[in-house]
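User: I have a structure to discuss before setting up some calculations. Could you take me through it?

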Amino acid sequence: MDALYQPSGTGFDALNELDQVDWSQLEHAYGRGHVPLGSAYDVSFALTGDVPRSLAALRTDPFLALSDGLYSNICHQGTVYEATVHAVPFIAAVAAGDVSHEIRIPLLALLGHISVGGSYITHRGSRGGALGDQIGVLVTESIASSMARLSTIQTARLVDLIQAIQSLLIHPTDACRDAVESAVDVAIAPPATPQGRRP
């Protein structure tokens, strides 16, 4: 597997460095490299099966980039892949930059789900949520090496999620997985409106 590339830029600038990774060699939920799954005119299908295009689409259509792109490709039903390892630094770099909360929150939620997927260890010692030899370990290492970027985030519920992910990296237990899932739920929930005020 290629050495892990950490983008030097943050926010959307990090996406200018996507060509530093040879995505064509990396396995994801639909195969290796770019896997065309439908008409090139159907943007949803164009993102499914194409990890770098899914990451690049964060600039123009973050919802589609996450739902039909990144979740489908690199965290499909909680499973993580070789491409996940290399996508994590870009996800963290974008989340750490000057982007809106509408983008930062789901990116951190995705990192939470990836950390859970990479942390499952079966009774035989393999990673239950990872496809491929040592992928769970590599995903965990990728997240760990990318977490320092997120130190500038100050929003309490996002800090709680980041801390829950960091705890899971150290202690891959059911309790820590549950803590990450709970922190994701809190992070993505709409902020409460003060009582007596209309939204």
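Analyst: Certainly. This is a predicted model. For the element count, helices are DSSP runs of at least four residues and strands are runs of at least two, numbered from the N terminus. Counted in this way, the protein has eight helices and four strands.

User: In what order do the elements run from the N terminus?

Analyst: The order is β-β-α-α-α-β-β-α-α-α-α-α.

User: And how much of the protein is buried?

Analyst: Of the 199 residues, 46% are buried. The exposed surface comes to about 9,800 Å², and carbon and sulfur atoms supply 53% of that area. As for contacts with a separation of 6 or more, 63% join residues 24 or more positions apart.

User: Which residues have the most contacts inside the largest nonpolar core?

Analyst: They are Trp23, Leu55, Leu58, Ile91, Leu108, Ile114 and Leu150, in a core of 56 residues. Elements giving two or more residues to this core include helix H2 (51–56), helix H3 (62–74) and helix H4 (82–96). The largest share comes from H4, with 11 residues. In soluble globular proteins, nonpolar side chains tend to be buried together.

User: What does Leu150 touch?

Analyst: Leaving aside residues up to four places away in sequence, Leu150 is in contact with Ala92, Ala95, Ala96, Leu108, Leu111 and Ile162.

User: Changing topic: how many aromatic pairs are there?

Analyst: The count is two. One pair, Trp23 with Phe90, is tilted, with 6.0 Å centre to centre and 55° between the planes. Trp23 is in the segment before strand E1 (27–28) and Phe90 is in helix H4, so this pair ties together parts that are 67 residues apart in sequence.

User: Are those two residues, Trp23 and Phe90, buried or exposed?

Analyst: Both Trp23 and Phe90 are buried. Together with Tyr5, they belong to a cluster linked by ring pairs.

User: Now H5. What span should it have, and how far apart are its ends?

Analyst: Helix H5 covers residues 101–119, and at 1.5 Å a residue its 19 residues should span 27 Å. The end C-alpha atoms are 27 Å apart, which agrees with that expectation.

User: Why is H5 described as largely enclosed?

Analyst: Because 15 of its 19 residues are buried, H5 is largely enclosed by the rest of the structure.

User: Last one: where is Ala189?

Analyst: Ala189 lies in the segment after helix H8 (174–188). Its relative accessibility is 32%, so Ala189 counts as partly exposed, the range for that class being 20% to 50%. Ala189 and Ile105 are 84 residues apart in sequence, while their C-alpha atoms are 9.8 Å apart in space.

Terms used: Residues numbered from 1 in each chain as written. Predicted model: local features only at pLDDT ≥ 70, side-chain atom pairs only at ≥ 80, totals over all residues. Heavy atoms only, no water. Expected span 1.5 Å × (residues − 1). Buried < 20%, exposed > 50% of the residue type's maximum accessible area, 1.4 Å probe, protein only. Contact = heavy atoms within 4.5 Å. Areas by Shrake-Rupley, 256 points an atom, 1.4 Å probe, with all protein chains shown as cover. Core = buried A, V, L, I, M, F, W, Y, C linked by side-chain atoms within 4.5 Å. Phe/Tyr/Trp six-rings, centres within 6.5 Å; stacked < 30°, edge-to-face > 60°.
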